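Please walk through the following structure with me, moving from its surface to its interior and then on to its loops.

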Amino acid sequence: MAVEFVGIDPNTDRDHCPTVWADAEAQEILLQGWKPSPETQTECEESSPANGSVPDTEAIVRIPARMIPTIREACDAVERAQLL
């Protein structure tokens, strides 16, 4: 797996750090963020068209809006790899 670090929350305290990586080979974006509260988790699950709760192999993570440019950069990296 060729994971490339893209960026970290510009307001990080280096202990709680939403982070973004791009895996161009797998054509995936990896996100580290905060876990939602149980109430938010339930709200997400109830509003999703998927059947049931989030499986143990998946997660809902919270990413601050200030990370949007970083997420776009990761999307661009993965998209560029598809064009090669």
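**Charge, core and loops**

On the surface of this predicted model, a patch of negative charge is formed where Glu4, Glu73, Asp76 and Glu79 gather. Helix 2, which spans residues 68-83, provides the largest share of that patch, namely 3 residues. Glutamate 79 has its place in helix 2, and because its relative accessibility is 47%, below the 50% above which a residue is called exposed and above the 20% under which a residue is called buried, glutamate 79 counts as partly exposed. Along the chain, glutamate 79 is 51 residues apart from glutamate 28, yet a separation of 9.5 Å is computed between the C-alpha atoms of the two.

It helps at this point to set the patch within the whole chain. The chain contains 2 helices and 3 strands, and their order, starting at the N terminus, is β-β-β-α-α. Taken along the principal axes, the box filled by the C-alpha atoms is roughly 40 × 35 × 20 Å. The chain has 84 residues, of which 20% count as buried.

From the surface we can turn to the interior. The largest nonpolar core has 7 residues in all, and these are Val6, Val20, Ala22, Met67, Ala74, Ala77 and Val78. At least two residues of this core are supplied by each of strand 2 (19-23) and helix 2, with helix 2 giving the most, 3 residues. Helix 2 thus appears in both descriptions, as the source of the largest share of the negative patch and as the element that gives the most to this core.

Where does the salt bridge of the structure lie, and which side chains meet in it? The structure holds 1 salt bridge, in which the side chains of aspartate 9 and arginine 66 meet at 2.5 Å, N to O. Aspartate 9 lies in the loop between strand 1 and strand 2, while arginine 66 lies in the loop between helix 1 (38-47) and helix 2, so the pair ties together parts that are 57 residues apart in sequence. The two partners can also be described by their accessibility: aspartate 9 is buried, because its relative accessible area is 2%, whereas arginine 66, with a relative accessible area of 38%, is partly exposed.

Two loop residues deserve a look for their backbone angles. Arginine 14, which is placed in the loop between strand 1 (3-8) and strand 2, has a phi near 70°, a positive value in a residue other than glycine. Its relative accessible area is 59%, and arginine 14 is therefore exposed. Glutamine 27, in the loop between strand 2 and strand 3 (28-32), likewise is not a glycine and has a positive phi, of about 60°. With a relative accessible area of 41%, glutamine 27 is partly exposed.

A last feature returns us to the surface, where Ile29, Leu31 and Val61 form a nonpolar patch, and the accessible area of these residues together is about 200 Å². Leucine 31 has its place in strand 3, and, because its relative accessible area is 39%, leucine 31 is partly exposed. The surface of the model therefore carries, besides the negative patch to which Glu79 belongs, a nonpolar patch that includes Leu31, and both of these residues are classed as partly exposed.

Conventions
Residues are numbered from 1 along each chain as its sequence is written. This is a predicted model: local features need pLDDT of at least 70, side-chain atom pairs count only at pLDDT 80 or more; totals for chains, interfaces and linings use all residues. Side-chain values use heavy atoms; hydrogens and water are left out. Patches are made of residues with over 30% relative accessible area and no salt bridge: like charges are joined within 9 Å, nonpolar side chains (Val, Leu, Ile, Met, Phe, Trp, Tyr) within 5 Å. Accessible areas come from the Shrake-Rupley method with a 1.4 Å probe; for residues, only the protein chains shown count as cover. A salt bridge is a side-chain nitrogen of Lys or Arg within 4 Å of a carboxyl oxygen of Asp or Glu. Lys and Arg count as positive and Asp and Glu as negative; His and the chain ends are not counted. The place of a charge is taken as NZ of Lys, CZ of Arg, CG of Asp or CD of Glu. Helices (H or I, at least four residues) and strands (E, at least two) are DSSP runs, numbered from the N terminus. Buried means under 20% relative accessible area, exposed over 50%, partly exposed in between (1.4 Å probe, protein chains only). A nonpolar core is a set of buried Ala, Val, Leu, Ile, Met, Phe, Trp, Tyr and Cys residues joined through side-chain atoms within 4.5 Å.
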